[in-house]
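Here are my notes on the model you sent over. Have the structure open while you go through them.

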Amino acid sequence: MQHWIELLKDFKTQNKPIALVTVTKCLGSTPCKVAAKMIVTLQKEIFGTIGGGKLEFKVIEEAVNAIKENKIKELSYTLGPEFEQCCGGKVELIIEPMNKSPKLYLFGAGHIGVELCHILKNTPFDITLLDTRKNWKDTIAIDESITYSDIDFELYKQYINWGENCYIVIMTHDHKLDFEITALALHQKTKYIGLIGSKTKKNKFHNLLKNELGFKPGISPVHCPVGLDIGGNTPNEIAISVAAELLKVHYGK
């Protein structure tokens with residue numbers, strides 16, 4: 001595969017999850033060479049080859065699993081009867097999932113939102129901070145790695161990259177806006193929804209969701225109040241508790 005770097009760039013631009021397969025060792029007679037590469041998509045499209053046959057078919061399946069699990073896999077195969085080959089060689093390879101960084105959308109650029117950006121900037125999360133207040137960005141300081149947006153709520157449905165890799169934390173300056181974002185997120189595919197608020201706010205949102213919107217689960221799919229119960233109540237301490245919960249969910253702990 002001569003142009004794999006360009007292909008990787010294209011998939012990155014498209015934000016399309018893929019796996020890069022690289023042969024790291026060949027012993028004996030094998031159908032591939034060291035450094036042979038193959039790109040695999042979730043739909044099992046392939047670009048490049050590691051030699052074809054049952055070995056390649058097996059590796060494609062492993063690559064799809066690697067994308068879904070978002071985990072690097074190191075594999076070793078002996079080419080015998082299982083692969084309908086009699087060469088007896090051995091192939092070792094690595095499968096690297098790409099473009100699977102969890103997408104974290106923080107709604108509300110107040111004290112806690114800004115603190116969360118500071119705490120999580122060197123973690124796996126790809127962070128977008130959103131606030132509908134115009135020119136609000138001029139009042140805060142966030143790292144250049146954070147994407148900031150002041151688009152209106154009406155554009156959120158199209159703007160957010162909804163899906164199994166999407167994390168939502170809601171903590172705006174307006175309870176009505178908090179509810180609208182909560183209701184929107186509950187009707188989309190997400191990995192996590194967190195909402196800052198008191199028990200009174202939680203109960204109010206629960207009743208509105210069930211009785212006015214007909215959403216039977218109500219607030220139950222939402223982490224509310226958001227964050228682990230670590231006892232602190234300053235903006236920094238709350239941000240730490242939320243960051244800890246986000247990372248706990250991300251790592252499956």
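**Notes on the predicted model**

1. Start with strand 6: five of its five residues are buried, so the strand is largely enclosed by the rest of the structure. Buried here means under 20% relative accessible area, exposed means over 50%, and partly exposed is in between (1.4 Å probe, protein chains only). Helices (H or I, at least four residues) and strands (E, at least two) are DSSP runs, numbered from the N terminus. In strand 6, Lys 103, Tyr 105 and Phe 107 point one way, Leu 104 and Leu 106 point the other way, and all are buried. That fits the usual pattern: in a regular strand the side chains alternate between the two faces of the sheet.

2. Who sits beside that strand? Strand 6 pairs with strand 7 in the parallel sense, over five bridges; two strands count as paired if DSSP finds at least two bridges between them. If you want one pair to look at, Leu 106 has Leu 129 of strand 7 as its bridge partner.

3. A word on how far to trust this. It's a predicted model, so local features need pLDDT of at least 70 and side-chain atom pairs count only at pLDDT 80 or more, while totals for chains, interfaces and linings use all residues. Residues are numbered from 1 along each chain as its sequence is written, and side-chain values use heavy atoms, with hydrogens and water left out. The pLDDT is the predictor's confidence in each residue, from 0 to 100. The chain averages 92, and 96% of the residues score at least 70. Among the elements, helix 1 (residues 4-14) has the lowest mean pLDDT, 89, and strand 10 (residues 192-195) the highest, 98.

4. Now some backbone oddities. Most residues other than glycine have a negative phi, and most peptide bonds are trans. Asn 99 has a positive phi of about 60° although it is not a glycine, and Asn 135 also has a positive phi, near 70°. Asn 99 is in the loop between strand 5 (90-98) and strand 6 (103-107), and Asn 135 in the loop between strand 7 (126-130) and strand 8 (147-149). Buried or exposed? Asn 99 is buried at 16% relative accessible area, whereas Asn 135 is exposed at 60%.

5. Have a look at Pro 225 too: the peptide bond from Cys 224 to Pro 225 is cis, with omega near 0°. Pro 225 lies in the loop between helix 6 (199-212) and helix 7, and is exposed, with a relative accessible area of 51%. Leaving out residues up to four places away in sequence, Pro 225 touches Leu 195 and Gly 197, where contact means heavy atoms within 4.5 Å. The C-alpha atoms of Pro 225 and Lys 202 are 7.6 Å apart, although the two are separated by 23 residues along the chain.

6. Leu 195 turns up again around Thr 182, a residue of helix 5 (residues 175-186). Thr 182 is buried, at 0% relative accessibility. Not counting residues up to four places away in sequence, Thr 182 touches Ile 170, Leu 195, Phe 205, Ile 219 and Val 222.
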